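Q: Hi! I'm new to this one, could you walk me through it?
A: Happy to, let's look at it together.

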Amino acid sequence: MRIGVLTGGGDCPGLNAVIRGVVRKGIEAHGWEIVGFRNGWQGPIENLTKPIGLGDVEDILTRGGTILGSSRTNPYKVEGGVDRIRETLAANKVDALIAIGGEDTLGVAKRLTDDGIGVVGVPKTIDNDLGATDYTFGFDTAVHIATEAIDRLRTTAESHHRALVVEVMGRHAGWIALHSGLAGGANVILVPERQFSVDKVVEWVERRFERQFAPIIVVAEGAMPEGGAEILHSGEKDAFGHVRLGGIGTWLAEEISERTGKESRAVVLGHVQRGGIPTAYDRVLATRFGLHAVDAVAEGDFGVMVALRGTDIVRVKLSEATAELKTVPLERYQEAEVFFG
């Protein structure tokens with residue numbers, strides 16, 4: 001068999017570990033040839049291929065990003081996109097695809113499966129917002145990076161007696177904000193799942209200053225004030241209809257300064273959360289996902305995604321994987337509220 005593999009959507013630490021797992025098991029256990037498609041779904045649309053052998057994955061376990069490149073290309077928004085994918089797979093004699101990505105990439109994988117193309121999905125999103133899996137790789141690394149940033153920012157905040165607002169990723173789900181905020185001892189955590197009162201945030205900030213400590217506020221990029229709307233970086237939409245978020249941290253820091261008279265600064269972590277060396281947890285999880293994706297292909301079990309349930313890797317239908325986002329439950333957020341102020 002010849003198996004294609006691609007990485008779509010935003011990059012994150014652990015993607016190369018999945019590729020390595022696919023290549024090692026595909027070649028050594030089954031004798032398959034592995035064809036890498038470059039830049040997400042753009043690869044099979046435009047026949048951008050890269051053969052991947054054992055030597056190509058020898059030293060990529062610890063590398064961030066993806067050796068195949070990525071994009072937010074949507075074949076269903078490209079004229080003749082699905083037919084061009086069929087032609088590319090036929091021209092390269094590729095029997096099946098392993099698609100590594102988040103909600104959008106896997107949504108395409110599901111539609112392609114319905115259209116008769118054999119695809120197995122691997123969940124990837126640093127936001128940890130896919131409901132069919134307990135965890136996605138990349139999330140643990142992103143939380144570690146954000147937590148380290150909070151730890152470092154605390155010392156400069158205390159030195160200058162200022163409030164620091166740390167904006168982390170999280171369009172619709174606040175898992176990174178929740179976990180890094182708890183781990184970093186943040187005094188306020190704001191998530192997209194629950195609109196926040198600016199007055200209440202100011203109250204918590206002032207309480208912290210009264211105790212002679214500098215407040216740290218962690219806010220997800222998709223968090224919204226009561227009666228407000230998402231803060232947009234730009235109104236332009238990508239191929240999946242998403243606008244670029246960004247700016248809530250700066251907006252909130254200015255509100256805090258104006259209302260309290262205290263100096264306030266915003267730090268936007270942005271893409272630094274996506275980069276760099278994956279944690280050991282993410283390397284292991286990503287590797288296991290790659291190995292089990294190969295098993296699904298070997299059994300001809302297409303239209304599924306590998307998922308983590310407890311400590312086991314299981315398979316779920318792609319339709320289930322993309323049915324709903326996994327958001328922060330109210331009870332989890334209420335746990336963190338004990339530490340606010």
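Q: Where does Gln-212 sit?
A: Gln-212 lies in the loop between α7 (198-210) and β8 (216-220). Keep in mind that this is a predicted model.

Q: What is its phi like?
A: Gln-212 has a positive phi of about 70 degrees, although it is not a glycine.

Q: Why bring that up?
A: Because most residues other than glycine have a negative phi.

Q: Is Gln-212 buried or exposed?
A: Gln-212 is exposed: its relative accessible area is 67%, and the cut-off for exposed is over 50%.

Q: Which residue in the loop between α3 and β4 should I look at?
A: Try Lys-93, which is placed in that loop. Lys-93 is not a glycine either, and its phi is positive, near 55 degrees.

Q: And is Lys-93 buried or exposed?
A: Lys-93 is exposed, with a relative accessible area of 63%.

Q: OK, new topic: the sheet. What is the strand order?
A: The order is β3-β2-β1-β4-β5-β12-β13. That makes an open sheet of 7 strands with mixed pairing.

Q: Which strands are at the edges?
A: β3 (49-52) and β13 (312-317) are the edge strands, and each of them pairs on one side only.

Q: How much are neighbours turned against each other?
A: On average, neighbouring strands of this sheet are turned by 30 degrees, direction ignored.

Q: Which helix packs on the sheet?
A: One that does is α9 (residues 280-298), which touches β1, β4, β5, β12 and β13. The direction of α9 makes about 140 degrees with that of β12.

Q: Back to the strands: do β1 and β2 pair in the parallel or the antiparallel sense?
A: β1 and β2 (residues 33-37) pair in the parallel sense, over 4 bridges. For a spot to look at, Val-5 has Gly-36 in β2 as its bridge partner.

Q: Now α4, how many residues does it have?
A: Helix α4 (residues 103-114) has 12 residues. From its first C-alpha to its last, α4 reaches 16 Å, close to the 16 Å expected at 1.5 Å a residue.

Q: Which of its residues are buried?
A: The buried residues of α4 are Asp-104, Thr-105, Leu-106, Val-108, Ala-109 and Leu-112.

Q: What covers them?
A: The cover includes the strands β1 (2-7), β4 (96-101), β5 (119-123) and β12 (304-309). The helices α3 (81-91) and α10 (318-321) are also part of it.

Q: And what comes just after α4?
A: Gly-116 is found just after α4, and its phi is positive, about 95 degrees.

Conventions
Residues numbered from 1 in each chain as written. Predicted model: local features only at pLDDT ≥ 70, side-chain atom pairs only at ≥ 80, totals over all residues. Heavy atoms only, no water. Helix = DSSP H or I, 4+ residues; strand = E, 2+ residues; numbered from the N terminus. Expected span 1.5 Å × (residues − 1). Buried < 20%, exposed > 50% of the residue type's maximum accessible area, 1.4 Å probe, protein only. Contact = heavy atoms within 4.5 Å. Pairing = 2+ DSSP bridges. Axes fitted to C-alpha atoms, helices over the stretch in contact; angles between N-to-C directions.
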